[in-house]
Amino acid sequence: MKLKHLVLATLAPTLLVSGIAYAQFKKPEDAIKYRQSAFTVMANSFGKIGAVVKGEAPFNKDEVAKNAAVVATISSLPWQAFGPGTEGGNALPEVWSDNAKFKAASEKMQLAVANLNTAAQSGDQDAIKKAFGAAGATCKGCHDDFKKK
Ligand code: HEC
């Protein structure tokens, strides 16, 4: 096998996998719609946990665990839709001009919702409450700096 073919044969499956793992967008509006949808789905499950934490809904361990798993899974998705040239929506220009800070805030949030998920799977209500508060603070922190009011 020639080297060129070997490289192609090795590379092709990688490209295929990354094509599936990372969404690609034809137009900036598509990226904006994608990230807003991801946030909406995530916030829906996050809010259901919030209602339980605030005592507005009864504690059901399986429901909380399911919602926390959804939040943790979706939390990795919005960021790929903030690429160059996708300015707009309700995102402030600082997302792109101060991208390192934005990225750090997104990583902080993913860590916080992973902790929430761990607490939720254990069913420990005190731990869930604490982890929910910490996760919520990471949402607010980023929105204060990077999202239009
Ligand atoms: C690292 C920054 C960051 C973090 C962390 C973050 N968000 Fe956001 N969020 C944004 C930005 C920026 C937008 C605006 C996106 C747009 O309109 O293009 C947004 C938009 C939203 C929206 C509105 C979606 C729509 O339909 O317009 C909701 C709801 C939301 N976020 C919920 C959350 C929740 C819940 C969390 C925490 C679990 C969270 N976000 C964490 C940056 C963040």
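The following exchange examines how several descriptions of this predicted model are justified.

Reader: What makes up the chain, in terms of helices and strands?

Author: The chain has six helices and zero strands. From the N terminus on, its elements run α-α-α-α-α-α. Of the 149 residues in the chain, 30% are buried. Among contacts with a separation of 6 or more, 74% join residues that are 24 or more positions apart.

Reader: Why is His143 called a donor of the iron atom of the ligand?

Author: A donor must be an N, O or S atom within 2.8 Å of the metal. The NE2 atom of His143 is at 2.0 Å from the iron, so it qualifies, and His143 is the only protein donor. Histidine 143 is placed in helix 6, which covers residues 125-146.

Reader: Which residues come nearest to the ligand, and what polar atoms lie by it?

Author: Of the 23 residues around the ligand, Gln36, Asn90, Cys139, Cys142 and His143 come nearest. Glutamine 36 places a polar side-chain atom 2.6 Å from an oxygen atom of the ligand. In asparagine 90 a backbone N or O atom lies 2.6 Å from a ligand oxygen atom. A polar side-chain atom of histidine 143 is 2.8 Å from a nitrogen atom of the ligand.

Reader: How do you know that the length of helix 3 agrees with its number of residues?

Author: Helix 3 comprises 14 residues, 61-74, which at 1.5 Å a residue should span 20 Å. Its end C-alpha atoms are 20 Å apart, so the two values agree. For helix 2, which has 26 residues, the distance from first C-alpha to last is 37 Å, close to the expected 38 Å.

Reader: What makes asparagine 60 a cap of helix 3?

Author: A side-chain oxygen of asparagine 60 lies 3.0 Å from the backbone nitrogen of aspartate 62, and asparagine 60 thereby caps the N-terminal end of helix 3. After helix 2, by contrast, comes glycine 55, whose phi is positive, near 80 degrees.

Reader: Which residues of helix 3 are buried, and what do they pack against?

Author: The buried residues of helix 3 are Val64, Ala65, Asn67, Ala68, Val71 and Ile74. They pack against helix 2, helix 5 and helix 6. An α-helix has 3.6 residues a turn, so residues three or four places apart point the same way. In helix 2 the buried residues include Ala38, Met42, Ser45 and Ile49. The buried residues of helix 2 pack against helix 3, helix 4, helix 5 and helix 6.

Reader: Why is serine 45 called buried?

Author: The cut-off for a buried residue is under 20% relative accessible area. Serine 45 has 6%, so it is buried. Serine 45 lies in helix 2. Leaving aside neighbours within four places in sequence, it is in contact with Asn67, Val70 and Val71.

Reader: How do you know that serine 45 and asparagine 67 make a polar contact?

Author: A polar contact requires a pair of N or O atoms within 3.5 Å. The side chains of serine 45 and asparagine 67 make such a contact at 3.0 Å.

Reader: Why is alanine 114 called partly exposed?

Author: Buried means under 20% and exposed over 50%, with partly exposed in between. Alanine 114 has 36% relative accessibility and therefore counts as partly exposed. This residue lies in helix 5. Its C-alpha atom is separated by 8.8 Å from that of threonine 73, 41 residues apart along the chain.

Reader: What makes two rings an aromatic pair, and how many pairs are there?

Author: Ring centres must lie within 6.5 Å, and planes over 60 degrees apart count as edge-to-face. By this rule there are nine aromatic pairs. The rings of phenylalanine 39 and tryptophan 79 have centres 5.6 Å apart and planes at 75 degrees, so they form an edge-to-face pair. Phenylalanine 39 is in helix 2 and tryptophan 79 in the loop between helix 3 and helix 4, so this pair ties together parts 40 residues apart in sequence.

Reader: Is tryptophan 79 buried or partly exposed?

Author: At 19% relative accessibility, tryptophan 79 counts as buried. Its ring and that of phenylalanine 102 have centres 5.8 Å apart and planes at 75 degrees, so that pair is also edge-to-face. Phe39, Trp79, Phe82, Trp96, Phe102 and Phe146 form one aromatic cluster.

Note on methods: Residues numbered from 1 in each chain as written. Predicted model: local features only at pLDDT ≥ 70, side-chain atom pairs only at ≥ 80, totals over all residues. Heavy atoms only, no water. Donors = N, O, S within 2.8 Å, 3.2 Å for Na, K, Ca; no water. Helix = DSSP H or I, 4+ residues; strand = E, 2+ residues; numbered from the N terminus. Expected span 1.5 Å × (residues − 1). Buried < 20%, exposed > 50% of the residue type's maximum accessible area, 1.4 Å probe, protein only. Contact = heavy atoms within 4.5 Å. Polar contact = N/O pair within 3.5 Å; in protein donor to acceptor, adjacent residues only side chain to side chain. Near = heavy atom within 4 Å. Phe/Tyr/Trp six-rings, centres within 6.5 Å; stacked < 30°, edge-to-face > 60°.
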